[in-house]
Amino acid sequence: MLLLNATLATMSPEQPFGLIPQGAIAIRDGHILWCGPEAELPEEHRHAEQHDLGGRLVTPALIDCHTHIVHGGNRAREFEMRLEGASYEQIAGAGGGIVSTVKATREATEDALLEGALRRVDALLAEGVSVIEIKSGYGLDLETECNMLRAARRIERERPVRIRTSFLGAHAVPADYKGRADAYIDDVCLPALNAAHAEGLVDAVDGFCEGIAFNTMQIGRVFDRAKSLGLPVKLHAEQLSHTGGTTLAAKYGALSADHVEYADISDALALSEAGTVAVLLPGAFYTLRETQLPPVQAFRDQNVPMALATDCNPGSSPLTSLLLTINMGCTLFRLTPEEALAGVTRHAARALGLADCGIIRAGLRADLAIWDVDHPAELAYRIGFNPLHLSIFAGVIKERHV
C-alpha cells in the first residue's frame, strides 16, 4: 500500500510535530517500509496500490496509556455528591469511591464486563486509538482481579486494537480488610498477582500510593514481587498529596508515574534520571475540580517525557475521548499542542514500554490515523469535534469506527 498526497506529522522529535508536507508512506505486511517527502519516494515503492489522501493529515494512531475501562456499574450519584461539596477523600471514607465499584464489578460476569467495556472502547476507536492500557483493581480479590484482566485480553479478539494490561491489586483496601492494609497485601494482592501472571494476563504492575490507599513500603512490597516475576511497574503517585510515590517509582525504574499533581522539582529530577514517563491525567483533575497543577515546567526543564491519557474510570474520570484529553492537557495544564500530541503518541508508547509504535518511521507498525484537518494543532484546538477520516491498524484500512 502506498499513501500519497498527505501531510505527515511523524512525531519524530527532531522537528516540530516531525512535520513533512506533501509526504508519502509505503506499507507492507503491517509495517512501514518508507516515509518521507513524496518527491523522494524510491522507485521500488511506486507500483504499490496507491491511496491519494487529498492533502489530509496523517499522525501515528493514538495511544491511551492509562485507563480503568473494564469495570461494573457507574458512580453517577457520587458525581452529584461532589457537586454538593463532598471531597474525594470524604466519599471514600463513607464507603464510596473505589469500594462501591468493587461491589458492582464483583457481581458482574466476565462476559458482562467485556460487554460494558466494548462500548467505551468503541468511543476511543472512533477517535483513531490503536492501543489501550487497561488496569484491574476493582476486584480486590483473586477471582475478580483475574476476571477483569481476562475481559481486557478478550477485547483484542473483538476489536482492531492492541491491549496492554496492568495488574492493580494495590488499588484500595477492601472493606473486610479495613485498617489491615499489610494483611490485604499478603492475603490477596500478592497471591492474585502470582495467579494472574501464571495465566499470562499481566503486562505490568501498578499501585495507588496515597493516604487513602497504600504507603510506599506497601507498594514497595508489591513492586518487589513484580520484579521477581520479570514484570515492569508503574504507579499512581502524588495525585492528592505528596507521599513519596514518584520517588519510589523512579527508584524501581517504573515505566511511568501517573497523575503527579503534587510532584515537585526533586521528583522531576528523579523521573528524569530513571527515564520514567510522567503521565498527566486532566480528566481526573477536571472531574475532581482539583487546583494543584502538575509541575509541567519542571518536567520540561528536566526533560521528563509527558504522556496524556483519559484515565477512563467510573468515578474520578468518566472520560472516553482522547481528543478531549488533548484539549484539556493544553487548556488545563498549559501543554503546547505539540506536547499534547506527543503525549498520546510517542510518549504514551514509551509509558507502556512499546518501541514499535507512536512514531511514523520505517520499520515500525503501520498504525495510523488520517484526519480532515490542515495542521496537527487543530487536534488540540477543537472541543467536542472528531475530524477522523479513517484509521489504519497493522497496515489494514479501517473505516471510522462508530
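This report walks through the sheet, the cores and two unusual backbone angles of a predicted model.

## Confidence in the model

Let's start with how far the prediction can be trusted. The protein chain has a mean pLDDT of 96, and 99% of its residues reach 70 or more. Among the elements of the chain, strand S6 has the highest mean pLDDT, at 99, while helix H2 (residues 88-93) has the lowest, at 75. Where pLDDT is low, the predicted coordinates should not be read in detail.

## The eight-stranded sheet

If you turn to the sheet, you will find eight strands in the order S6-S7-S8-S9-S10-S11-S12-S13. The sheet is open and its pairing is parallel. Its edges are strand S6 (62-64) and strand S13 (306-308), each of which pairs on one side only. From one strand to the next, the twist averages 25°. As general background, strands of a sheet pair through backbone hydrogen bonds, either parallel or antiparallel.

Towards the S13 edge, strand S12 (residues 277-280) runs parallel to S13 and is joined to it by three bridges. Here valine 279 stands opposite alanine 307 of S13.

## Strand S9 and its neighbours

Strand S9 (residues 204-209) makes a good place to look more closely. Six of its six residues are buried. One side carries Ala204, Asp206 and Phe208, the other Val205, Gly207 and Cys209, and both faces are covered.

On one pairing, S9 runs parallel to strand S8 (residues 162-170), with three bridges between them. Alanine 170 is placed opposite glycine 207 of S9. S8, helix H6 (residues 181-198) and S9 together make a right-handed β-α-β unit. S9 also pairs in the parallel sense with strand S10 (residues 234-237), over two bridges. There, phenylalanine 208 has histidine 236 of S10 as its bridge partner. The chain passes from S9 through helix H7 (residues 216-228) to S10, and this β-α-β crossover is right-handed.

## The nonpolar cores

Next come the side chains packed inside. In soluble globular proteins, nonpolar side chains tend to be buried together. The largest nonpolar core of this model has 96 residues, and Val70, Ile155 and Phe299 are those with the most contacts inside it. Helix H6 supplies the largest share of this core, nine residues. Apart from it lies another core of 15 residues, including Leu8, Ile20, Ile25 and Ile27.

Phenylalanine 299 is worth clicking on. Leaving aside residues up to four places away in sequence, phenylalanine 299 touches Val260, Ala263, Ala268, Leu271, Ala278, Leu280, Val304 and Met306.

## Two residues with positive phi

Most residues other than glycine have a negative phi, and most peptide bonds are trans. Two residues are of interest against that background.

Phenylalanine 17 is not a glycine, yet has a positive phi of about 60°. Phenylalanine 17 is found in the loop between strand S1 (2-9) and strand S2 (19-28). With a relative accessible area of 8%, phenylalanine 17 falls under the 20% cut-off and therefore counts as buried.

Histidine 259, again a residue other than glycine, has a positive phi near 85°. Histidine 259 lies in strand S11 (residues 256-259). Its relative accessible area is 2%, so histidine 259 is buried as well.

Conventions: Residues numbered from 1 in each chain as written. Predicted model: local features only at pLDDT ≥ 70, side-chain atom pairs only at ≥ 80, totals over all residues. Heavy atoms only, no water. Buried < 20%, exposed > 50% of the residue type's maximum accessible area, 1.4 Å probe, protein only. Helix = DSSP H or I, 4+ residues; strand = E, 2+ residues; numbered from the N terminus. Pairing = 2+ DSSP bridges. Right-handed = clockwise from strand over helix to strand, strands pointing away. Axes fitted to C-alpha atoms, helices over the stretch in contact; angles between N-to-C directions. Core = buried A, V, L, I, M, F, W, Y, C linked by side-chain atoms within 4.5 Å. Contact = heavy atoms within 4.5 Å. pLDDT = per-residue confidence, 0-100.
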